[in-house]
Every structure is written in C-alpha cells, then in structure tokens.
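Here are my notes on this model, roughly in the order I went through it. Have the viewer open while you read.

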Amino acid sequence: MKAKFFSKLKDYNYILDQLLEKKNFEEDVKNLLLSMVYKVETFYKDYSKIKRNNLSKNDFIDNIIIKTIKEYCGDIYLIDPKNEEKDILEKQNVIAITNEVERKIYAYPTEIALLYGISDIKPKFFFIGNKYNYIKQPFQEMLVEGTNLNNTEVIRNFNGWSWNVEVDSKINNIYNCLYQTLSILFGHTFLDVWENDFSGKKDYISEMRKRMEEGYSKNISDGFYISFCNILILNARNSEKLKAKRMLEMLLKEYEEIKDKNKYILTIAKEKKVLEKQIKNTDDILKNKDLLLKEYNVRNLKLAKNKKIFNISELTEILEEEKKNKEKLMKRLLELEKPSIYNKNKKDIEEKIEILKPLKEENIDIYKYLVDMQKKFLKCVSKEIEAADKKEDYINLIYTIRYYRNIHLTQNKMIKEIPELNNTLNKIGCKLITIMCKKGIFRIFCRDIAMNYKIILQALNSSIVDIDDIDICLKLQDDDEISKLFIEIYDNDTIDSSLELDYQLDKKDLSVRQKKHVPLVNF
C-alpha cells in the first residue's frame, strides 16, 4: 500500500528539468517554466477544490504542460514589455501568441503568459460539421480561446492561500463565460474528448442538445442553444457576421417558400410533374435509336468544338447519369412532402433565423443576450437542485454555484453583480442553502430563512477556498431605532471579510451564540 501511494507522487521539477536539457531554450525561459510548474503544483489543490470539475493535477501537468513542451514547442521567446517587440502582442491584446507551423511561442515574461502560450500551441480539433456552417467558425474560436483561459485559471485566480478573481483587460470574458457555462453543464471530460477527437465523425453539438433535453427538457435545451448561439454570432469577427447576414437573407427567402404548407406542397407537386416528364423523355430517348441520334446531333450543335460528345455510347452514359440525378431529386421531393420532414425542415429554418436575427438589430446590445443566456442556464441549475438527494450532490452544487457567481460576464462585472440576475440567483441560492441547513450540512445561524441566507451568502462570497475552513461570528448591536447585525467571516482564526446588516428580528431568532466563531459546515 505504501509503495503504491508513493508511486503516484511525481517530481515535476526533475521531470521538466530533464526535458529542458534537451531543448535549446534560453536560461531565463527555462527558469520561468520551472517557476510556472511550481505554481501550478502549489495552487492546483485549491483550484480543484473550487472548480470541482477539471483534470487531476497529474493529468494537467503531464498532458497540458509536459507533453506539449516536449512535442510541440520548438522555441519560446520572452517579449520585453519595455521594447518595441511588445507591439506584436499589444496589437492582438494577448499575453502570448503562437506559430504552430514553426513551433514557436512569443510571450510576456510571466508564468501565466507562458502557460497560455503552451496551452494555445497544443493542437485542438473541436470538430464541427458543415451542417452548422452558420455558427461553425465562432463556435470553434470560442472553444479554443475558452480552453486556453480555462487552462491558465489555476495561476490567474489562485495564489496558494486564497481565491481571487481579478479584472484582466486581456481576457475575452465572453468566450470564457460561454466556455465555463458549457463546462458546468457537460463536464471537463466531454470538452476534453471533443478537443482531442480528430476523427471528424461525432456531432458534439447534437450530443450537447440531446443531453440537455434528457436532463432538463426540450424547451430548456432549445432555448439555451438559441441564446448561446446568439452570443456566438454577435461576438464573431466582422467577416463572419457578413457571411451570417447573407445566410440570414437566404433563410428568410426559404422560409417565405415553406411557411405556407399548402402552397409549398403545391410547388413540390409542380416540380415533380416537370421531373416526371423529363425522366420519361430521357427513357424514350434511351430506348429509341432514332431519338438517340437526333439528341446527339441537337446537343453537339450547341456545344463548343472541344466539348462535343464523342459518340452515341458517350451520350447514352450522359443521359443515364442525368436520369439518375433526376430520380434522386424526385426521391428528395417525395421526402419533402412527408409531414414529419416538412415540419422538421420548417423548424430548422425557424431556429436558424432565430439564431441569426439579432444581426438585423440596430445598435445591438450583446449584454442583454448574455443576461438572457444566464437566465436560461439558471433554469438548469434549479433542476439540478431538485434532482439532488445526497450530501455530496449538495456540496458539489454549492461549490459550482459559488464558482459560477464569480465568473465575469463583462469586463467589470461578475455574474453575482448583475442586477437583472440577482433575483433569480438569490432564489436559487436561498433554496439550496435552506435545504443544506435542513439536512444538517450547514449550520443554521438564524431561524428566519431570508436572514440565514444573507449570513451564509456573506461566507460564500469570501475568498476562502475550502468551505470547511469558514467560521462565522455574529454580533448583535441593539439600537433605539434599528438593531445592527455584524457578520464576520474567518478563515480559521484570520478574518476574511465583514458585513453589517439591519436586523429587525428578535434576538432569539439567532440560532448560535454571539461573538463566537461557529463553523459554517456541520462536521
């Protein structure tokens, strides 16, 4: 047992040092890489505690860092922020850029910039089929950038003793928010498999929608997907937006043709009649030598000299190919007449229009679409709370919601700071915390549900990584007008934060002794 335990331990400083001896990196690059791996090793425990949904530390270092440096990094150049060469990074507002062909990384001389570059140069497939051509490019860009931001989070937001989500102007908050939402819904394994699947066979978007439909309902699944894609389109490059606008015009024309079922079926019937006549005519020609010769002469008269049909045998092959194509088209028209196929095609067109139609708006506000998507996502979270029944489920949910609340929706605002989401967030949070208190997972600090939620929420808003380390100290100060409740949050014996609330309840409503450190978690 002892040997098995120690076999899992790895000296990554030694492993990386051995690898770097085989690389022609400058000494300052090697030192920075060693420092980067040290930080990842040190911070990863806290990161995985908060995130609850990621690779193991060994998998992360082995596959994201060591393997990538070994197989895909030929050279790494550190960019001095004081020199003109920094312009190549500033123009793209990034901390590192990569050249996969030349196997080179250009990065600022920081651990996080190096980790970003290493993540970025690692091959990512994220196959999306051409049936999704209306969102394919922005979807893949989001997945690639989201992966890079996710891989650097362990250094970016953790420092070895606390969790601090800081504002960073070089982070694409929209891509990060979208990626983290997918990660919460489907797990890191799903995204990891998608990233590394080079077969080009599986429809991962369809799989996502299927999982959501099974877990939450078709209505929630469809609504979330449309809202998610709205943001992808609005956040896409200008060239992609122009393509999408052209596609929208085509779809609107298609919809005009299909929306009236009777008219649509009548149009198909007319096309079928024309095809039937053409197929019969081709059959007649193929069965009659005189007609074949006549067709041969008629066609050759219209053709340029270098494109003329060589003989009757060649014409026969051409006619048979034309007949085959017309029969395929006839088969397709027969399919289109079926009610199930008609309804599916109509719904597909309607959905694509719904996804692309924000592009027709003047003064587009992507913020409202971001908020709308979060409202749909929170319906999924609410369903998860209803489905939970084990202590582990509730613990994972509280960590997930805690993490989610601290994702930046915009440059300056986290999700928990968005007024349009506060009411829903509080309802969900209060529901979960109340259940956890009733089940004895959290201590009850106040018999009033709303006040108890406010007290515990202050603890969860702290930068303390492990909720097992959170203590709450309450102090009630009576006043002639309004009593005040002072809430102090401690990481063991160290104070993390404090809050003052108006207290209009009875002193007896408090369920714990005042001025005493009381653990949040009921051990």
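1. I began with the charged pairs. This is a predicted model, and the salt-bridge count in it comes to 33. A few of these are worth a look for the parts of the chain that they connect.

2. Take Glu249 and Lys360 to begin with: they form a salt bridge in which the closest N and O atoms are 3.6 Å apart. The two residues are 111 positions apart, and the pair links distant parts of the chain. Glu249 belongs to helix α11 (residues 238–258), while Lys360 lies in the loop between α15 (339–356) and α16 (366–387). How covered are the partners? Glu249 has 39% relative accessibility, so it is classed as partly exposed. Lys360 has a relative accessible area of 52%, so it falls on the exposed side, given that exposed means over 50%.

3. Next, Asp283 and Lys323, whose side chains meet in a salt bridge at 2.7 Å, N to O. This one runs from helix to helix: Asp283 is in α12 (residues 261–287) and Lys323 in α14 (residues 312–337). They are 40 residues apart, and again the pair links distant parts of the chain.

4. Farther along, Asp478 and Lys507 make a salt bridge, with 3.8 Å between the closest N and O atoms. Both partners sit in loops: Asp478 between β4 (470–477) and β5 (483–491), Lys507 between β6 (494–503) and β7 (518–519). The separation is 29 residues, and this pair too links distant parts of the chain. Asp478 is exposed, at 52% relative accessibility, whereas Lys507, at 48%, is partly exposed.

5. Don't stop at pairs, though. Arg209, Lys218, Asp222 and Glu351 are joined into one network by salt bridges that share partners.

6. Now the strands β1 to β3. β3 (residues 104–107) pairs with β1 (residues 75–78) in the parallel sense, over four bridges. It also pairs with β2 (residues 96–99), this time in the antiparallel sense and again over four bridges. If you want landmarks, Leu78 has Ala107 in β3 as its bridge partner, and Asn99 stands opposite Lys104 of β3.

7. What sits between β2 and β3? Four residues, in a hairpin, and Arg103 in the turn has a positive phi of about 60°. I'd point the viewer at that residue when checking the backbone there.

8. Which face of β3 is covered? The one with Ile105 and Ala107; Lys104 and Tyr106 make up the uncovered face. So Ala107, the bridge partner of Leu78, is on the covered face, and Lys104, the residue opposite Asn99, is on the uncovered one.

9. Stepping back to the whole chain, I see 19 helices and seven strands. The radius of gyration is 31 Å, well over the 24 Å that the globule rule gives for 523 residues, so the protein is more spread out than a compact globule. Along the principal axes, the C-alpha atoms fill a box of roughly 110 × 60 × 55 Å.

10. Last, burial and contacts. Of the 523 residues, 45% count as buried. The accessible surface is about 28,600 Å², and carbon and sulfur atoms hold 49% of it. Among contacts with a separation of 6 or more, 67% are between residues 24 or more positions apart.

Technical notes. Residues are numbered from 1 along each chain as its sequence is written. This is a predicted model: local features need pLDDT of at least 70, side-chain atom pairs count only at pLDDT 80 or more; totals for chains, interfaces and linings use all residues. Side-chain values use heavy atoms; hydrogens and water are left out. Buried means under 20% relative accessible area, exposed over 50%, partly exposed in between (1.4 Å probe, protein chains only). Two strands pair if DSSP finds at least two bridges between them. A salt bridge is a side-chain nitrogen of Lys or Arg within 4 Å of a carboxyl oxygen of Asp or Glu. The radius of gyration is taken over C-alpha atoms; the globule rule is 2.2 Å times the number of residues to the power 0.38. Contact means heavy atoms within 4.5 Å. Accessible areas come from the Shrake-Rupley method with a 1.4 Å probe; for residues, only the protein chains shown count as cover.
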